[in-house]
Each structure stands twice: as C-alpha cells, then as structure tokens.
Amino acid sequence: MNARVNALPTLLWLELRKQTGWLMVLGGILALSVVVVIRVRQEAGGRSLNELGELFAVQFGLFALAAFAGFLLLLIALGRAGRAESWLLVSVPPGVTHQLARFFFAGAVLLVFAEVLAGLFWWGARGFGLEVSLLGTLGLALYAVILGLPVLALALLGQNLTLAYGLSRLGWLSGIATVLGVFALLGWFFELSARTVYSFLPVWPFPALRFQGVDLLREVPVTGFPSEPLFYALVLTALVIVLAGRVWDEVEA
Amino acid sequence: MSIWTILWWALLAVAAIALWRGTQSPTAKAVMVGALLLVALPDPLGNRAAFWQSLRENQVEGNLNGVVVESRRSVCVFCTSGMQSEHWQLTARFLSGSYALSVRQPQPYAIAFRSGRVLRDGQALTPGCMSGTLEADTLFDFARAERVNLQVGPGASCR
Amino acid sequence: MVSEVLARLQNVTKRYGSREGLHGLSLELPQGQAVGLLGLNGAGKTTALKLLAGLLVPTAGRVEVLGKQPRQARANIAFLSESDGLYPWLTPADGERMMMGLYPDFRPGRYQELLAFLEVPARPIKTLSKGQQGRLRLAMALAREAKLYLLDEPLAGIDLISRDRILRALVQEWREEATVVLSTHEVAEAEGMFDRAVFLKEGKLALDAQAEDLRSQGKSVVDAFKEVLA
C-alpha cells in the first residue's frame, strides 16, 4: 500500500478537539479584556491628562498581564496535549508532520489571541483620544507573536525529550538540562539580536501614534523595531521543529 | 581556572554522559549534549562584557589627542570609535544620538553619511561628504543617520 | 509452500536500565501465519510486540519487518496496544476520521462492518465500558489492510461476551496474506486460533511449536503452556 495521506488536516483537527477546553479559557481572558476596555472607556471621559495617563497605564498593565497569562496557558496546553499519546507514535505520518500540526495549531491560536488583544487595546487607546493606527498595532502584535514562536517550538522539543527520557530515571536530569539549555539559548539569541539590530533587514515600523495632533514618536531615535531578531526567531523555530520531529521518530514508548 | 569552574565542568560532563546513555534516540542525545554545551559556553560570540559596555549611554570617551569627546548615544549599530593614526574616528552603520567635541586648537574634520538627519550645532548637513575645521566646542546631533564616518584631527577624510 | 519471512527478530535483547525485558530472542514470522505469543505477565510479550512495531529499539540484536527497520515499515504494521487509551471524547465516527487521516490503508467500509459486528455504540469513549472500548480499538486496528497485525492482549480485562465477539471478529478478519501476532495470557480462550504458539518465559523463548504438531502429539496449547510453566 503506497498511497499517501495528507495527515496535516487530520492532526490539526485532533489538536482542535484536544484543546477545546484551553481555547475556552483563552476566550475567557479575551472576554475579560473586553470588559476592561469598556470600563476604561467609560472612566476616561472628562478626566485630566494626568488621570488619563494613570488609567492608560492600568489598561496597558492589564493587557500585558492578559498576554502573558494567555501565552503561559498555551505553553501548558501544548505540554499537556502530547501526554499519553504513544499510540500515535506508530502512525504513518513522520514525526515532523505531528510536530508541525501541533506547532501550526498553537501558533494560529497565539496569533488570533494576540491580534484580538491588540485590536481591543487599540479600541481602548482610542477612548483616551490616542490616535493609533490599527494596522500598525496589529503589526506589532504579529511582531511579538513571531518572537514567541521559538518558545512554542522549544516547548514541543522539551515535550518530546520528556518522551525520549521517560523510560529511564533521567527525566529530571534531562528536564534541568533542557531548562538551563533553553535559558542559555535564549540569552545567546538575545545577544546575537542585540549585536546585529538594524544591520541587514528593513525595520518593522512603529504604529503611527498621535495625541491631540502631536506625533508622539517624532523624537524616538529609530523608526521601528529591528527585524533581525524575527529572522533569527524563524530560523531557530524551524530548526527546533525539525529536531522535535526527529526525536518523535526515534522515541521509545 | 578556579576549583569551582573545574567542578562545574565536571558536573556538566557527568550529566552529558548520563544523558547520552539515557535514551536510544540519537537526536535526543545530541540535543541534550548541545544544551549542556550552551550552558558550558558562557560567551559564545566573544567579548560579551565589552559589547554590553558599548551600549551604555552618556559615555565620556576622554581626551584623545587634543579632542575631548562626550557621546550621548541612543542607538549605535556596528559602532567603532577611537584613534586612527593621528585622528579620532567614529564609524557607524546606523546612529542616533549626540557627540559633543571640544578641541584645544583648530582641527580639520570630515563627515560622511548616506541618509538620515545630521545637525552640526543645530544646522542640518546634507547627506554625502563634507569637511572643514572645528574651532572650539561643536555638537553633532545624529537622528537615524546611516553609514556615518566622522573624523577629527590631522589627515581627517571621508574615506 | 514455503512462505516468505515477513518479520524477523534475531538474537534480540532489550534492557530497561538494569532489568532485562527480553534476552536473546530469535523468531521468524512468515507471511500469512497466525502466531500466539503466550506467557505470563512480565514474560516479555509486550516488549517483543513493541520491538516489532518499532516502538522500542533493541539493546542488542536485530529486528526487521519486510526487510526494513520496523519504523520504516510502519505503513504496513497495525498495532493494537494494551495500555494506550484513546481520547476520552473520541466517538467511533471520530475514530474513522482520525484513522483515515493517519493510515493510508484504512478501509472505512470494513470499519463500519466491524463496528456493527462488534456492537460498538456510537458514543464517546468515556461513556463506553472497558469491553466496548476494547472492541472499538480492535475495529480500528482490523479495518486496516496491513501486512502485519500486532495485537497486544486484546482480551485482557474484557467481559466474556466481548471476548467472544473479539475472537469471532479475528477469525472472520483473517486474511491469508497477513501475519497476525496476538499476545495473551488467556491461553484457553484463544485455543484453536493460532497456527503457531510461541511461549515466552522471563524474557526468553521457552517453546516455539506449530499448533498442528501439538495436536498430533495429543496436546492442547493449554497443556503445552502448563508444561512450559512447570
């Protein structure tokens, strides 16, 4: 039997079915964010500039917290989804397809979550009289999502390494080594990015930001974020997914 | 090399051997040893301390052959500055920030940049190469300037 | 007729840390043979099946399926694991969708027939009894047109009615070109199903006998099992 199947849609559907509960939690975070924005917009009317600044800071803080919580939840969901699935190890699709399905699913969820959050933030910011470009704000969320992709891929790799060491008593040691290695890798990634920012790729522009007709970014020394870290993030992500796929293919269950 | 460094390396080596033997997966073995190597190599790109030092703002570069340089750099990419034979030179792929230069006696200078905004004592310069003489205190303001080459002192040129 | 060897274990040893799961096991599995892999719990049956499925790598020795490493041959191996549960939300219809996407040789029509024959209710797994869950997993495995079926304890912990249905489904599904290896410690239940009985004891091959030879000696598989255990 040499017929081939395109397993990716099936694996994506499996991810969707497995993760429905987590998706609802993420949806809950977004619903709470909507409540925050509505409250903030109500509060913003008729306030002095100083009070508006404080209110804006509160909104920003809450949204940062929501983004962090959502990302953390997604990482936990990704880790839990791969447990007790050793029967899938004998399925015909190669390991990299399994990893890609998990990664695409998590990446798509992260993107939608971040973009909705960014859209809500933009709506909230307009309540303060801030003129922010919507496209720029959504672009900024995309920038953050791309930077988060290696972390998603590393979580997948970590999960496969847990499978690889699951039978022996070295699970704890591999866990420590992975965590230390990931921190070292992210430090290395950060330093490489810092050393080469704005050097060979066009900038990722800041969203236009005006308040009462004044361009708030006029004096900022750069026009946007560097794109080089995104390039490294994508390369690192691809490499890690390939490694995770290979570990999946070689793992014992 | 201190005893602690040797102990740390020994610990990592033991962990590497244990993890190498702890799985049948060759890729998992390689990943774990790679992770430990990353932990073991504290400065893979080299000169980490010098690099972070170079990012510090408000750096006083000191008195260099009669030229006192004080910089307030916001962003400087692929930045080099210092004495080149008899003149002081600053090169940068991308630069935003200020350089206050004081000279004891008039010094020739040359400045080249490809794009962006450069002000000399508040007066905008046009992209390209220009040269002249610095009489006393001069303030160069760079805003998103690209391919900057500033030289002060004997033999200063845009090259 | 001498059948072609479909799978082979050559002097295979599998260690889990200091514990030995299998020791020096050699077996040849010809095409079209129904093999009973028999032994008590811990005899090495699951280890042998997982080695054939490519889920384990031998510590020493060599495993081949269709002349390749088992992982390279997995498109031709249907493996029914004893321990792995499917997703609790999975219904038989979800199972069909999933199997079609993951296995090119899955036959949906056959699957539906098997579901009907095994009387698997169209409900999520979490609402099914253990016997019904076992029958569903068996239907998923048998609906594939594989060359090697590895069935690990399909009768374990399953009620009598389910056992009967599973055994009948297995007999009905037997295809001459396929090799089936079924492990069980419920030897009496499976009596008469095998062409060949392979007995494992403490990770070693204790007896490898053709069922016909046993019968000609006036022995049942159960008798042979008792002798091996003695």
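Me: How many helices and strands are there in chain A?

Reply: Chain A has seven helices and five strands. Each is a DSSP run: helices are H or I over at least four residues, strands are E over at least two, and numbering starts at the N terminus. From that end the order is α-α-α-α-β-α-α-β-β-β-β-α.

Me: What kind of model is this, and how are residues and chains labelled?

Reply: This is a predicted model; local features need pLDDT of at least 70, side-chain atom pairs count only at pLDDT 80 or more, and totals for chains, interfaces and linings use all residues. Residues are numbered from 1 along each chain as its sequence is written, while chains are lettered from A and ligands numbered from 1 in the order in which they are written.

Me: What makes a residue of chain A count as buried, and what percentage does?

Reply: Buried needs 20 or more other C-beta atoms within 10 Å of the residue's own; 12 or fewer is exposed, anything in between is partly exposed, and C-beta atoms are placed from the backbone. Of the 253 residues in chain A, 35% are buried. The C-alpha trace of chain A spans about 70 × 40 × 40 Å along its principal axes.

Me: Why is Trp188(A) called partly exposed?

Reply: Trp188(A) has 18 other C-beta atoms within 10 Å, so it falls between the two cut-offs. Trp188(A) is in helix H6 (residues 171-196) of chain A. From Trp188(A) to Gly127(A) is 61 residues in sequence and 40 Å in space, C-alpha to C-alpha.

Me: How do you know that H4(A) and H7(A) are oblique?

Reply: Two packed helices are described by the angle between their axes and the distance between the axes. The axes are lines fitted to C-alpha atoms over the stretch in contact, and angles run from 0 to 180 degrees between N-to-C directions. H4 (residues 95-127) and H7 (residues 228-250) of chain A cross at roughly 130°, with axes coming within 7 Å. Under 35 degrees is roughly parallel, over 145 roughly antiparallel, 65 to 115 roughly perpendicular, and the rest oblique. The angle fits none of the named ranges, so H4(A) and H7(A) are oblique to each other.

Me: Which residues make the contact of H4(A) with H7(A)?

Reply: Among them are Val96(A), Leu100(A) and Phe103(A) of H4(A), with Ile241(A), Val242(A) and Trp248(A) of H7(A). Contact means C-beta atoms, placed from the backbone, within 7 Å. By class, the contact has seven nonpolar, four polar and two charged residues. Ala, Val, Leu, Ile, Met, Phe, Trp, Tyr, Cys and Pro count as nonpolar, Asp, Glu, Lys and Arg as charged, and the others, Gly among them, as polar.

Me: What makes H4(A) roughly antiparallel to H5(A)?

Reply: H4(A) and helix H5 (residues 134-165) of chain A pack at about 150°, with axes 8 Å apart. That angle is over the antiparallel cut-off, so H4(A) is roughly antiparallel to H5(A). This contact has 19 nonpolar, five polar and two charged residues.

Me: Why is Thr133(B) called exposed?

Reply: Thr133(B) has 11 other C-beta atoms within 10 Å, so it meets the exposed limit. Thr133(B) lies in strand S8 (residues 128-134) of chain B. Beyond four places in sequence, Thr133(B) is in contact with Pro106(B), Gln107(B), Pro108(B) and Tyr109(B).

Me: What secondary structure does chain B have, and what percentage is buried?

Reply: Chain B has three helices and nine strands. Its 159 residues are 30% buried.

Me: Which element gives the most to the side of chain B that touches chain A?

Reply: 30 residues of chain B are in contact with 30 residues of chain A. On that side of chain B, H2(B) gives the most, with nine residues. The class count there is 19 nonpolar, eight polar and three charged.

Me: What makes a set of residues a nonpolar core, and how many residues has the largest?

Reply: A core is a set of buried Ala, Val, Leu, Ile, Met, Phe, Trp, Tyr and Cys residues joined through C-beta atoms within 7 Å. The largest has 133 residues, and those with the most contacts inside it include Ala153(A), Leu52(C) and Ile77(C). Among the residues that Ile77(C) touches beyond four places in sequence are Val90(A), Val65(C) and Leu150(C). Apart from the largest core lies another of 27 residues, including Leu90(B) and Tyr99(B).

Definitions and conventions. Two residues are in contact if their C-beta atoms, placed from the backbone, lie within 7 Å.
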